[in-house]
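Me: Please take me through this structure. I have a few questions about its packing, strands and backbone.

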Amino acid sequence: MAKKKIAAGLPSKQDILQYIADNPGMVGKREIAKAFGVGPELRVQLKGLLRELKTEGDINQGHGKRMAPKGELPEVTLVDIVKLDRDGDMMGRPVEWSGEGDPPRIIFEVGGKVRRREMADVGVGDRVLARLTRAGRNRYAARVIKRLEKDEQPVLGVFTLTEDGEGRLQPTDKKVRHEYVIAPEHRNNAKSGEIVVAQPQQGRRYGLKTAKITEVIGSSLDPKALSLIPIFTLGIPTKFSEAAIRDAEKAKPVTLGQREDLRAIPLITIDPEDARDHDDAVFAEPDTDPDNPGGWHAIVAIADVAHYVRSGSALDHDARARGNSTYFPDRVVPMLPEALSADLCSLVEHKDRACMAVHLWFDADGNKKRHKFVRGLMRCAAGLNYRQVQNAIDGMADAMAQPFLEPVLKPLYACHAAVNKAREARQPLAIHAPERRVVMGKDGHIAAIKPRDHMLSHQVIEDFMIAANVAAAEELEKRRQPCMYRVHEQPSDEKIDSLRKFLNTLDYKLAKGQGLRPMHFNAILKAAIGSEHEQLINTVVLRSQMQATYSPDNRGHFGLNLHKYAHFTSPIRRYADVLVHRALIRGLDLGDDGLPPEDDADFENIAEHISLTERRSMQAERDAMDRFVAAFMSEHVGAQFDGRITGVTRFGLFVELDETGADGFVPISTLGDDFYEHDEASRALVGKRSKKRFRLGDGVTVRLAEATPVTGGLRFEIMGSGGQSTNTRRGGAEKPALKKPTNRPSWAKHRSKKRR
């Protein structure tokens, strides 16, 4: 390093920043002191100066006290592995980041012998010490120096006392098999049965490892703890900043001003019975245009969140960090403070509310002829739920729905009948994906686990929302505005190959060639209807699909079979929709609170971030559901249930119960006195001596051997002979199985408006 000649005293902050910029990857306090001739008597002052630069956000500091300019990462830094990309390379994020916006992308390439050795013991969720090399704007290539042990990270678990008074910690993560010992001086006043956070301690080589309790969360017997566990484990933010809360509480209802007055139109909301917010309303009527005989005019009105959540504000910062709301059986972690999500941005009955609305005109066959976006003021005429609406259409209207049957509901269904013609012609992927729901009792405990009903009313709202989302993407392209597309790519060749081979074992043929479309999958799904393989084929086709993501680049939506698609209809609970609203406001010149020009370049980073937060929420919701189900099933240990095999591994079987959708594991060691081999091609375990087969999709009867609510784990044992090559059940006729929602891509959640 070239030494700078400086007069006696400390260098200026600007000199230090320039020096760090000129010497990337090799700068620490020692090098700076040497370069500027700072003697031992001034080392303390130099340390304070560097601390100020870090506090002010002008430098980033990595592992080993190496420094980099603001917006740069040090050459050696701590990185969390967060996901695999489409090529199988691992993607990371720096543990600490003080730059503006989201941190840069870090890519660990797996290809090559050296890289494969480096990454052999590294997986998603690990923390590593990495050496970084700049690989482009906002991107780094990385190599692993060291993988940090899991025991260096905090553990969430249940604290218990043994009979002899020894403290133990049982981790809530079912993948962690060992317990920790908690010494009396490390218990932090925790009581037996409480969920706690503990920091593993070093130094014990033999026996159980030790840990120190740092935080007490609450009682493990409280049903509320079942959702608190994944919230804590996955780091979902639960507290808004004081500034965001102040801004939300200061917000006021809007006046008409330059908005289109929609208050005389009987727009209604249609949501689940347990909906916590209402951000979309609909209306339809025959089109009076003589050039559109048999056509329809519909309006989809959406809460105007962008009016209240402006780019760069405290509300915007908190909403972007969360990315989306997260829904649990007993609570919601909202993207926006309650003053907005449950009030000013919720389309409640008989209250004036700001909205972004799109007028849609369809021809008699449901093809969209044109659309028009406006900023409006609406007044919800009625807040109905799906069952109320469907009952009204079926001739069983209650007092609340009856006044809207003729003027609103029947025209809405008639318009949808036309829209549905276009939908059927388009042929989106038609996977049957039922869901389950937890019914909470008044005492706060679980009353039942039930499948969610799916009625035509769900499809009516679904199709109107999809039409509005398509119109938003088209409008932004037309106006040459940035768009946050909802992207769902076609399945990979590897997944299609695997699916085709498995379908062949069931005598179903998937079309060959490069032009696979949803219609080809639909042909298989249709052929399986009513057969013993119907649920199995829905499951394997679903698992062959890619995960939907967000992107500023339009790559189409394979599942919906659409060329242009964006999320516009749920800005209360999805940050992507807020961005689409802002872009529309700017492109259509509908106000001064549209997308600022400086935000355009950040869409790629935001897309990656909100795709990650969505997956985080989905994981948390699944984990919580598993725990709620395990808590409900814990009262039925020893009972027998009908189920279906939903997963086959070398170690055993995953079985899902028909009635509740509860999912548990059957260890291979419990299958009997035979040696079972894993037949990957037919997705089965096959007994070497008996030739008994346990195949994916087979119906079985199981006994519940163990239920552990704190981890969400269920352990089953196969009853009777089991493993029949036929798919008949013991004890009765075959029942349709509830499909586990774990592997469901977010676009397929057709019953829930929050993520389609």
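Reply: The model is predicted; the answers below cover its cores, a barrel and two loop residues.

Me: Which helix gives the most to the largest nonpolar core?
Reply: That core holds 93 residues, and Ile268, Leu340, Phe464, Met484 and Phe568 touch the most other members. The top contribution is 10 residues, from one helix spanning 456–478. That helix is H12.

Me: How many residues does the second, separate core have?
Reply: Among its members are Ala620, Phe632, Leu657 and Leu714. The second core has 57 residues.

Me: In what order do the five strands of the barrel close?
Reply: Their pairing is mixed. The twist from one strand to the next averages 50°. One antiparallel pair is E9 (residues 167–171) with E10 (residues 180–182), joined by three bridges. The closing order is E8-E9-E10-E12-E11.

Me: At what angle does helix H5 run to strand E12?
Reply: H5 covers residues 225–233. It lies across E8 (155–161), E11 (194–200) and E12 (209–219). Its angle to E12 is about 125°.

Me: Is Asp507 buried or exposed?
Reply: Asp507 sits in the loop between helices H13 (493–505) and H14 (518–528). Its phi is positive, near 65°. Its relative accessible area is 66%, and the cut-off for exposed is over 50%, so Asp507 is exposed.

Me: What is the phi of Arg683?
Reply: Arg683 is in the loop between strand E29 (676–679) and strand E30 (684–687). Most residues other than glycine have a negative phi. Arg683 has a positive phi, near 55°.

Definitions and conventions:
Residues are numbered from 1 along each chain as its sequence is written. This is a predicted model: local features need pLDDT of at least 70, side-chain atom pairs count only at pLDDT 80 or more; totals for chains, interfaces and linings use all residues. Side-chain values use heavy atoms; hydrogens and water are left out. A nonpolar core is a set of buried Ala, Val, Leu, Ile, Met, Phe, Trp, Tyr and Cys residues joined through side-chain atoms within 4.5 Å. Buried means under 20% relative accessible area, exposed over 50%, partly exposed in between (1.4 Å probe, protein chains only). Helices (H or I, at least four residues) and strands (E, at least two) are DSSP runs, numbered from the N terminus. Two strands pair if DSSP finds at least two bridges between them. Axes are lines fitted to C-alpha atoms, for helices over the stretch in contact, and angles run from 0 to 180 degrees between N-to-C directions. Contact means heavy atoms within 4.5 Å.
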